[in-house]
Amino acid sequence: MLLLRFQYQTLARWFGITVRRVLKMRLHPRLTTSLHLTKQKLYGKKVARRKRDERRSTQHVSKDDLPAPPDKQQPEQPAAETSAASNKEKEDHLAKELELERKRYNESAEALTRNQEDLRKREVKIVSLEKENETMKKKMADLEEDLRRLQQVNSDNQRLRDENAALIRVIGKLSRNPL
């Protein structure tokens, strides 16, 4: 029976090998038994991973929270005192964890308020840039209109110069040749 693709991928991920290698292990007759053994190893690895995650999740454990080694066991105390002491230790540990969580939440809240302030500043800057853009567009339209008028005035001026030169020539010819 062939395994499904995601099963190959999960096997590969658990063992840190490629899917191709898992397929070779599955198809090779000598290695098929090792694949069945790996299923047994998977359970052990899952348990080990779960224990490791539990250890990592309690990062802020002090030496007082850890049990004493077997050779240095503390003398037996009455059950009421040990349960009260353990309850007190648990409460202290929970109080420390709650304090750490509160600090984390406060830090994240501060980060969110900083981000909101940055967003507001950016929005204000965007609005001001949009207004500036509109004023620049209006100025550019005014300057284009002025340029059109200037070109028209220049063309009118050149036409008048040409007419003036023609009139001067006519007047000069008339003054030389009286009728």
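**Exercise 1. Find the network.** In this predicted model, work out which residues are linked in a network of salt bridges.

*Solution.* Start with the group itself: Glu145, Asp146, Arg148 and Arg149 are tied together by a network of salt bridges. Next, ask what makes such links possible. Side chains of opposite charge can pair when their charged atoms come close. Finally, put the network in its setting: the structure has seven salt bridges.

**Exercise 2. Get the overall layout.** How many helices and how many strands does the protein chain have, and what pattern do they follow along the sequence?

*Solution.* Step one is the count: four helices and zero strands. Step two is the order, and reading along the sequence gives α-α-α-α. Step three is how much is tucked away: out of 179 residues in the protein chain, 6% count as buried. Step four is the surface, where the accessible area is about 16600 Å² and carbon and sulfur atoms account for 57% of that. As a last step, take the contacts between residues at least 6 apart in sequence: 38% of them join residues at least 24 apart.

**Exercise 3. Pair up Asp92.** Which residue's side chain meets that of Asp92 in a salt bridge?

*Solution.* The partner is Lys88, with an N to O distance of 3.9 Å. To see whether that counts, recall that the cut-off is 4 Å, so this pair qualifies. Now locate the two: Asp92 and Lys88 sit in helix H4, which covers residues 79-176, and they are four residues apart, or about one turn of the helix. Then check their exposure. Asp92 has a relative accessible area of 36%, so it is partly exposed. Lys88 is partly exposed too, at 48%.

**Exercise 4. Two more pairs in helix H4.** Which residue forms a salt bridge with Glu101, and which one meets Arg159 in a salt bridge?

*Solution.* Take Glu101 to begin with. Its partner is Arg104, and their closest N and O atoms lie 2.4 Å apart. About one helical turn separates Glu101 and Arg104 because they are three residues apart in helix H4. Glu101 is partly exposed, with 31% relative accessibility, and Arg104 is partly exposed at 41%.

Now move on to Arg159. The side chain of Arg159 pairs with that of Glu163, at 3.1 Å from N to O. Arg159 and Glu163 also belong to helix H4, with a spacing of four residues, about one turn of the helix. For exposure, Arg159 comes out at 41% relative accessibility, so it counts as partly exposed. Glu163 has a relative accessible area of 39% and is partly exposed as well.

**Exercise 5. Look for positive charge.** Which residues form a positive surface patch, and why can Arg52 be called partly exposed?

*Solution.* First, list the members: Lys45, Lys46, Arg49, Arg50 and Arg52 make up the patch. Second, place Arg52, which is found in helix H3, spanning residues 29-57. Third, deal with the "why". The partly exposed class runs between the buried limit of 20% and the exposed limit of 50%. Arg52 has 31% relative accessibility, so it counts as partly exposed.

Terms used: Residues numbered from 1 in each chain as written. Predicted model: local features only at pLDDT ≥ 70, side-chain atom pairs only at ≥ 80, totals over all residues. Heavy atoms only, no water. Buried < 20%, exposed > 50% of the residue type's maximum accessible area, 1.4 Å probe, protein only. Contact = heavy atoms within 4.5 Å. Areas by Shrake-Rupley, 256 points an atom, 1.4 Å probe, with all protein chains shown as cover. Patch = residues over 30% accessible without salt bridge, like charges linked within 9 Å, V, L, I, M, F, W, Y side chains within 5 Å. Lys, Arg positive; Asp, Glu negative; His and termini not counted. Charge placed at Lys NZ, Arg CZ, Asp CG, Glu CD.
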